[in-house]
Amino acid sequence: VNTNAWPFAEQLLRLASAGSLPTSTGNRDLARQSRLLVDFSHGDVAAFPPHPRVLADAVAAFSDPHSAYSPYRGHGSVREKVAANLKPLIGREIDSEAELIITPGTQAGVYLALSSLVGSGDIVAIANPDYFAYARIVTYLGARPRYVNLRSSEGVAQLDIEQLKVALAEGARVICLSNPNNPTGAVYDSAQFREIADLCERWDAYLISDELYSRLDYGGVPIAHAWSTPGLGHRSVSLLGPSKTESLSGFRVGTAIAAPQVIDGMEQIQSIVSLRAPGYSQAVLAAWLEEEPCWLSSRVEAHREIRDAIVSRWLEIPGLDVSTPRAGSYLFPRLPALAISPMELFAALRNDAGIIVTPGAEFGPGGEESFRINFSQHAEVAIAAVNSIAEFIARVAR
Ligand SMILES: Cc1ncc(COP(=O)(O)O)c(C=O)c1O
């Protein structure tokens with residue numbers, strides 16, 4: 001943002017000061033250049049297309065004049081179906097009238113939740129590393145991110161509870177995290193969420209739990225959901241949507257589940273920002289989570305195969321630290337010592353090999369030596385690119 005060119009509002013200038021724009025995704029101009037081998041900054045919906053039913057549902061919605069407009073929180077019939085279909089996944093009943101809102105993407109859900117609960121001067125505890133949007137929105141709102149370190153062991157996420165206690169003692173009243181974690185793919189189990197629930201109870205705090213990737217689950221430790229964690233449901237916002245596992249990112253729909261007064265607050269903000277989630281996309285959302293079980297399991301298995309192939313290739317690179325994600329489609333390796341800076345390596349990968357990765361610094365302090373890839377790609381393309389990355393690293397390793 002050129003601050004001299006226009007009288008921009010203070011909050012936009014704050015956002016500009018929070019760092020450069022995150023690595024953009026879906027750059028079609030770049031994709032048209034024949035040099036682009038793979039854009040690892042987001043999943044490839046051509047490699048993993050939406051369920052075939054989606055097209056018919058979208059066309060039917062478009063032909064129905066009633067689907068265009070909905071109440072701000074979304075069509076009642078769609079909320080009813082989504083609430084019923086979410087129950088087996090997240091383990092607790094949802095009152096579709098009072099406890100659920102349909103948003104234009106999970107991203108909007110994060111924004112509505114944070115802007116309902118956080119004001120200027122507040123402190124928000126954010127897991128580190130975590131999805132870059134949380135700190136950016138918090139900064140935009142005039143609040144301060146307070147990072148709490150996240151470690152993982154065998155794919156189980158462990159938030160540094162001592163650091164979280166300090167953050168709460170310093171005044172944080174909202175905690176924001178993704179489960180599964182973007183970028184590491186580690187998952188918080190129910191024991192971790194119960195600890196967080198106890199702290200929220202003690203400090204009268206709220207958890208915003210972004211559970212967008214919880215369906216891309218490779219098994220093992222069950223992924224905890226805030227809504228069904230005892231003592232946490234009424235103190236949390238759970239965010240879920242069909243953008244990732246179901247490849248519906250282009251429809252811009254998501255859902256948020258929370259106590260009625262929080263949903264009311266989020267709806268107030270939605271009514272001045274976007275009015276509602278796109279009506280036609282809401283109609284597509286109605287059948288979300290109703291795919292045949294084999295559709296989901298084959299999608300998960302295909303991702304598991306790509307994940308394992310990449311991890312085993314990267315384990316051959318001396319000094320590269322990579323762990324196997326328990327869920328989701330991200331890998332977050334840490335580079336070995338290099339003769340050039342990590343940013344120079346990422347630029348070389350982009351310019352010389354047509355490979356886009358997301359710099360680790362975008363996910364929080366200390367991420368400078370790491371990078372993220374989204375492995376929801378055509379397997380052969382991803383493996384070829386991963387081999388190239390390995391060759392680039394070998395060339396500049398110290
Ligand atoms: C953790 C997380 N939350 C939210 C989003 C935004 O997703 P949506 O397309 O549902 O807005 C993303 C997108 O990458 C994400 O990684």
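Trainee: Which strands make up the open sheet of three strands, and in what order?

Mentor: The order is E10-E13-E12, and the pairing is antiparallel. Strands in a sheet are held together by backbone hydrogen bonds, and they can run parallel or antiparallel. Keep in mind that this is a predicted model.

Trainee: Which strands stand at the edges?

Mentor: Strand E10 (330-331) and strand E12 (358-359) do. Each has a single partner strand, so one side of each has no neighbour in the sheet.

Trainee: How many bridges join E10 to E13?

Mentor: Two bridges join them, and the strands run antiparallel. Look for Tyr330, which stands opposite Asn374 in E13.

Trainee: Asn374 ends strand E13 (371-374). Where does Gln377 lie?

Mentor: Gln377 lies in the loop between strand E13 and helix H13 (379-396). Its side chain reaches back to the backbone oxygen of Asn374, at 2.8 Å.

Trainee: Is Gln377 buried or exposed?

Mentor: Gln377 is buried, because its relative accessible area is 4% and the cut-off for buried is under 20%.

Trainee: Which residues does Gln377 touch, leaving out those up to four places away in sequence?

Mentor: Start with Val38, Asp39, Phe40, His42, Gly43, Asp44, Ala47 and Phe48. Then add Ile306 and Ala382.

Trainee: Now strand E9. How many of its residues are buried?

Mentor: First the general idea. Side chains in a regular strand alternate between the two faces of the sheet. Now the case here. Strand E9 (residues 254-258) has five of five residues buried, so the rest of the structure largely encloses it.

Trainee: Which residues of E9 are on each side?

Mentor: Gly254, Ala256 and Ala258 are on one side. Thr255 and Ile257 are on the other. Both faces are covered.

Trainee: Which strand is joined to E9 by bridges from residues 100-103?

Mentor: That is strand E2, with four bridges to E9. The two run antiparallel. Strand E8 (residues 236-240) is also joined to E9 by four bridges, again antiparallel.

Trainee: What stands opposite Thr255 in E9?

Mentor: Ile102 does. Leu240 also has Thr255 as its bridge partner in E9.

Trainee: Next, backbone angles. Which peptide bond is cis, with omega near 10°?

Mentor: Most peptide bonds are trans, and most residues other than glycine have a negative phi. Here the bond from Asn128 to Pro129 is cis, with omega near 10°. Pro129 sits in the loop between strand E3 (123-128) and helix H6 (133-140). The bond from Asn179 to Pro180 is cis too, with omega near 0°. Pro180 is in the loop between strand E6 (174-178) and helix H8 (190-203).

Trainee: Which residue has a positive phi near 55°?

Mentor: Asp204, a residue other than glycine. Find it in the loop between H8 and strand E7 (206-210). Asp204 counts as exposed, because its relative accessibility is 52% and the cut-off is over 50%.

Trainee: And which residue has phi near 75°?

Mentor: Leu289, where phi is again positive. Leu289 is in the loop between helix H10 (279-285) and helix H11 (293-314). With a relative accessible area of 15%, Leu289 is buried.

Trainee: Let's turn to empty space. What is the volume of the second largest pocket?

Mentor: About 510 Å³. It has 19 lining residues, and the closest to the centre are Pro129, Leu150, Thr184, Phe332 and Ser370. You have met Pro129 already, at the cis bond after Asn128.

Trainee: Which strand gives the largest share of that pocket's lining?

Mentor: Strand E4 (residues 144-153), with four residues. By class, the lining of the second largest pocket has six nonpolar, ten polar and three charged residues.

Trainee: How many cavities of 30 Å³ or more does a search of the whole structure find?

Mentor: One. The largest cavity holds about 40 Å³ of space.

Trainee: Which residues line the largest cavity?

Mentor: His51, Arg53, Val54, Glu246, Leu248, Val284, Trp288 and Glu291. Sort that lining by class and you get four nonpolar, one polar and three charged residues.

Notes: Residues are numbered from 1 along each chain as its sequence is written. This is a predicted model: local features need pLDDT of at least 70, side-chain atom pairs count only at pLDDT 80 or more; totals for chains, interfaces and linings use all residues. Side-chain values use heavy atoms; hydrogens and water are left out. Buried means under 20% relative accessible area, exposed over 50%, partly exposed in between (1.4 Å probe, protein chains only). A polar contact is a pair of N or O atoms within 3.5 Å; within protein, one must be able to donate a hydrogen and the other to accept it, and residues adjacent in sequence count only if both atoms are side-chain atoms. Contact means heavy atoms within 4.5 Å. On a 1 Å grid over the protein atoms alone, a cavity is a set of points where a 1.4 Å probe fits but cannot get out, and a pocket is an open set with protein on both sides within 12 Å along at least five of seven lines; lining residues have an atom within 4 Å of a point. Grid points are joined across faces, edges and corners, and a volume is the space filled by probe spheres set on the points. Ala, Val, Leu, Ile, Met, Phe, Trp, Tyr, Cys and Pro count as nonpolar, Asp, Glu, Lys and Arg as charged, and the others, Gly among them, as polar. Two strands pair if DSSP finds at least two bridges between them.
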